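Work through the exercises below with the sequence and the model open. Try each task before reading its solution.

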Amino acid sequence: MKKMWVLMLVTVLLLSACSSGGGGNTASEGEKASNEITIWAWDPSFNIAALNTAKEAYAKDHPDVKINVVEYAQNDIIQKLNTGLNSGTSNGLPNIVLIEDYRAQSFLNAYPDAFKDLSSNFTASDFADYKLGPTAYDGKQYGVPFDSGVTGLYYRTDLLEQAGYKAEDLQDITWDDYIQIGKDVKAKTGKDLITLDPNDLGLIRMMIQSAGSWYSKEDGKTPNLAGNEALKEAFVTYKAMMDANVVKLNSDWSQFVAAFNNGDVSTIPTGNWITPSVRQEASQSGQWAVAPLPKMAGQPNSVHASNLGGSSWYVMNNVPGADQAADFLGSTFGSDKQLYQDLLNGIGAIGTYKPATEGEAFNKEDEFFGGQKVFADFAKWTEEIPSVNYGINTYAIEDILVVEMQNFLNGKAIDDVLADAQKQAEAQLN
C-alpha cells in the first residue's frame, strides 16, 4: 500500500508539472526555435498578397522556415484573439497577427504580456511618426508598422475643369472651399461632389486627425467630445456638405465604389488604398488626379495631411517560435527596402518605411492619374500626418457619435450633441 501511495503521489506531481503555467505557454516556450510560422491576416488582394511577397523574400535566406499564411475576415481575427487571450491559453493562436491601428491599443492595454517586445528587431525611427503611437505601449514597440492610410483628395480633372478649376486651385484649400467647388461642379455638370454613408464617420476621422485631435484625450481613455473644437467643426462641415445638396448617399462598399466608377461624383477624399478601386474603371484613365486633403479653416494646427485606416504586424509572445516570427518581421517589413518597392509595383501598397520612399517605384509617373507621381506625393504627405493617440475606445465612441450625427442633421444643436455624446461615453466606458 505504501508503494502504491508513493506511485500515486509521483504521478500527481508529474501531471501537475506538465499543466503548470495557467493553461498558456511560458515566455521561454515562446522563445523556442521553430522552423514554422503561422500568420493571420485579412484581404487577399492586399494584406495576404503582401505577406506572400514577404514570404518569398524571406525564403531566399531561410529556405527551411515554413510560413503558413491564413486568411480570416478582420472581425473573425478580433473574435479569435479575444477568445484565446481571455481563456489564458495560446493554443490555436498564430505566431504573427495583423491588427488595425485603431484597435491596437485596446489589445496592448488589455493583454500586455501576450505580445512580444519588438524594439530590438527593427528601428522605429525609420517609420512614419504617426504609426509609432498605435504600435507602442509603455515605452516599447510591439508592432512593426505596415501600410499607410495616408489620405488625398482624388478628383476628376475633366469635371472640375468644366467648372473652371485647375490643379493649382486645389493645392491649398479648406473644407469650406471644397464645398464651394462642389456647388460649382454640380451647377455646371450635374454631378455630386462626394458619396457618403451616414453610418461611416471616416470623413470625421480624417478631419480631426489633420488637426491633431481625436475622440479621446492624450491618455487614450478619457472621452474628448464636449469642448473638442476640431470635432465640432468637423460635424458642422459634414452638415454643410449635406445642406449644400452635393452628396450622393451610399449604404455599403459596393455603392461607394460604384458612385465614382460610374462617374456620379467628382471627388473622393479618402485613404490611398482606394487607388485600385479607382483604377478598375479603365475608361477613366487620364481623368483623375490627387490633391492634398483640404484642411480645417478654424483649426490653426490643421494640415493638408491625414490618415484613414492602416494596420501593423504583431508577434504573439507565448506561442512557440516567437523569436523566429520576430526575425521574419524584422527582416522583411521592418527593414527590406526592395520589399516595399515590390509591394508598390505589385499591389499598390504604400508602406510607412521611410527609407523605401527613395526608391524608383515611388517616383514613377502614373498615366492613369495624368502623369502625376502619385506615390511620391502620398509618401510626402505620410510624413506630414499629425500623430494622435487612437486609444482604446475608437469604435465604441463612434457608435455613440453615429447616432448623435443623425440627431445633429435633424436639427439638434451641436453643443448639445457633443455634450450628450460625452455623457454617454463617460457612462459606458468608465
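The exercises cover a small sheet, a helix beside it, two buried loop residues, and the cavities and largest pocket.

This is a predicted model, in which local features need pLDDT of at least 70 and side-chain atom pairs count only at pLDDT 80 or more, while totals for chains, interfaces and linings use all residues. Residues are numbered from 1 along each chain as its sequence is written, and side-chain values use heavy atoms, with hydrogens and water left out.

**Exercise 1. Give the strand order of the open sheet of three strands, and state why one side of each edge strand has no neighbour.**

Solution. Strands are DSSP runs of type E with at least two residues, helices are H or I runs of at least four, and both are numbered from the N terminus. Two strands pair if DSSP finds at least two bridges between them.

Step 1. The order is E10-E7-E11, and the pairing is antiparallel.

Step 2. E10 (267-271) and E11 (288-291) are the edge strands; each has a single partner strand, so one side of each is left without a neighbour in the sheet.

Step 3. On average, neighbouring strands of this sheet are turned by 25° against each other, direction ignored. Axes here are lines fitted to C-alpha atoms, for helices over the stretch in contact, and angles run from 0 to 180 degrees between N-to-C directions.

Step 4. E7 (residues 151-156) is joined to E11 by four bridges in the antiparallel sense. Across this pairing, Leu153 stands opposite Ala291, and Arg156 stands opposite Trp288.

**Exercise 2. Find what covers E11 and which helix packs on the sheet.**

Solution. Buried means under 20% relative accessible area, exposed over 50%, and partly exposed in between (1.4 Å probe, protein chains only). Contact means heavy atoms within 4.5 Å.

Step 1. Both faces of E11 are covered, with Trp288 and Val290 buried on one side and Ala289 and Ala291 buried on the other.

Step 2. Helix H15 (residues 374-382) packs on the sheet and touches E7 and E11. The direction of H15 makes about 145° with that of E7.

**Exercise 3. Place Gln284 and Gln372, and list their contacts beyond four places in sequence.**

Solution.

Step 1. Gln284 is in the loop between H12 and E11, and is buried at a relative accessible area of 6%. Its contacts, leaving aside neighbours within four places, are Arg156, Phe260, Asn261, Asn262, Gly263 and Phe368.

Step 2. Some of these partners belong to H11 or follow it. Phe260 and Asn261 are among the buried residues of H11, and Gly263, just after H11, takes a positive phi of about 80°. The buried residues of H11 pack against E8, strand E9 (247-249), E10, H12 and E11.

Step 3. Gln372 is in the loop between helix H14 (337-347) and H15, and is buried at 16% relative accessible area. With the same neighbours left aside, Gln372 is in contact with Ala289, Val290, Lys364, Glu365, Asp366 and Asp377.

Step 4. Gln284 and Gln372 lie 88 residues apart along the chain, and their C-alpha atoms are separated by 15 Å.

**Exercise 4. Describe the cavities of 30 Å³ or more and the largest pocket.**

Solution. On a 1 Å grid over the protein atoms alone, a cavity is a set of points where a 1.4 Å probe fits but cannot get out; a pocket is an open set with protein on both sides within 12 Å along at least five of seven lines; lining residues have an atom within 4 Å of a point. Grid points are joined across faces, edges and corners, and a volume is the space filled by probe spheres set on the points.

Step 1. There are two such cavities. The largest holds about 50 Å³, and H4 gives the most to its lining, with four residues. Helix H4 (74-87), strand E3 (96-100) and helix H5 (101-110) each supply at least two lining residues.

Step 2. The second largest cavity holds about 40 Å³. Its lining includes Gly351, Tyr353, Ala379 and Thr382.

Step 3. The largest pocket has a volume of about 1300 Å³. Of its 40 lining residues, Asp200, Trp253, Thr270, Trp273 and Leu308 lie nearest its centre. Elements giving two or more residues to this lining include H4, H5, helix H11 (253-261), E10 and helix H12 (275-279).
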